[in-house]
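Trainee: I would like to learn how to read a model of this kind step by step, beginning with the strands and ending with the backbone. Could we take one feature at a time?

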Amino acid sequence: MNVTKVLDAKGLACPMPIVRTKKAMNELESGQILEVHATDKGAKSDLAAWAKSGGHELLKDTEENDVLKFWVKKG
């Protein structure tokens, strides 16, 4: 996967991972991919809902060593 930017939102509580994701997405061009790392368990449902409502595509999400990783393609 060709990631354009990586956002480290580890240690941030809701809603900060979404706030930072939104800011990072504003810096990307349509079709580019943002990789987000978060530790807030709520980020999983929040990020999926945010991506869908914003016209973006959540390509993949995984969890490694208590770190949630998301790949979001800008719509």
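Mentor: Let us begin with what a strand is here: a strand is a DSSP run of E with at least two residues, and strands are numbered from the N terminus. By that rule K5 lies in strand β1, and please keep in mind throughout that this is a predicted model.

Trainee: In what order do the four strands form the sheet, and is the pairing mixed or uniform?

Mentor: The sheet is open, its four strands run in the order β1-β2-β4-β3, and the pairing is mixed. Because β1 (5-9) and β3 (57-64) each have a single partner strand, they stand at the edges, and one side of each is left without a neighbour in the sheet. From one strand to the next, the twist averages 15 degrees.

Trainee: In which sense do β1 and β2 pair, and in which sense do β3 and β4?

Mentor: The pairing of β1 with β2 (residues 33-38) is parallel and extends over five bridges, with V6 having E35 of β2 as its bridge partner. Between β3 and β4 the pairing is antiparallel, over seven bridges, and there the bridge partner of E64 is V67 in β4.

Trainee: Which strands does each helix touch as it packs on the sheet?

Mentor: Helix α1 (residues 16-26) touches β1, β2 and β4 (67-73), and its direction makes about 160 degrees with that of β1. Helix α2 (residues 43-53) packs on the sheet against β2, β3 and β4, and its direction makes about 5 degrees with that of β4.

Trainee: How do the axes of α1 and α2 cross, and which residues make the contact?

Mentor: The two axes come within 10 Å and cross at roughly 35 degrees, and the crossing of α1 past α2 is right-handed. On the α1 side the contact is made by I18, T21, K22 and M25, and on the α2 side by D46, L47 and W50.

Trainee: Which residues have the most contacts inside the largest nonpolar core?

Mentor: That core has 16 residues, and those with the most contacts inside it are M25, L34, V36, L47, W50, F70 and V72. At least two residues come from each of β1, α1, β2, α2 and β4, while the largest share, four residues, comes from α2. As a case to follow on the screen, take L34: leaving out residues up to four places away in sequence, L34 touches K5, L7, T21, A24, M25, L28, F70, W71 and V72.

Trainee: Is H37 buried or exposed?

Mentor: The general idea is that a residue counts as buried under 20% relative accessible area. H37 has 14% relative accessibility and therefore counts as buried. H37 is in strand β2, and its side chain is joined to that of E35 by a polar contact of 2.6 Å. Beyond residues up to four places away in sequence, H37 touches V6, L7, D8, A9, K10, V67, L68 and K69.

Trainee: And what should I note about K5, the residue we started from?

Mentor: K5 has a relative accessible area of 29% and is partly exposed. A polar contact of 2.3 Å joins the side chains of K5 and E27, two residues that are 22 apart along the chain and whose C-alpha atoms are separated by 9.4 Å. Setting aside neighbours within four places in sequence, K5 is in contact with A24, E27, L28, I33, L34 and E35.

Trainee: How should I judge the backbone angles?

Mentor: Start from the general expectation: most residues other than glycine have a negative phi, and most peptide bonds are trans.

Trainee: Where, then, is there a cis peptide bond, and which residues in the loop between β3 and β4 have a positive phi?

Mentor: The cis peptide bond joins C14 and P15, with omega about 5 degrees, and P15 is in the loop between β1 and α1. The other case is the hairpin formed by β3 and β4, which has two residues between its strands. N65, in the loop between β3 and β4, has a positive phi near 50 degrees although N65 is a residue other than glycine. D66 lies in the loop between β3 and β4 and has a positive phi of about 65 degrees, again without being a glycine. N65 is exposed, with a relative accessible area of 76%, and D66 is exposed with 54%.

How values were computed. Residues are numbered from 1 along each chain as its sequence is written. This is a predicted model: local features need pLDDT of at least 70, side-chain atom pairs count only at pLDDT 80 or more; totals for chains, interfaces and linings use all residues. Side-chain values use heavy atoms; hydrogens and water are left out. Two strands pair if DSSP finds at least two bridges between them. Axes are lines fitted to C-alpha atoms, for helices over the stretch in contact, and angles run from 0 to 180 degrees between N-to-C directions. Contact means heavy atoms within 4.5 Å. A nonpolar core is a set of buried Ala, Val, Leu, Ile, Met, Phe, Trp, Tyr and Cys residues joined through side-chain atoms within 4.5 Å. Buried means under 20% relative accessible area, exposed over 50%, partly exposed in between (1.4 Å probe, protein chains only). A polar contact is a pair of N or O atoms within 3.5 Å; within protein, one must be able to donate a hydrogen and the other to accept it, and residues adjacent in sequence count only if both atoms are side-chain atoms. A crossing is left-handed if the near helix is turned anticlockwise from the far one by less than a right angle, and right-handed if clockwise.
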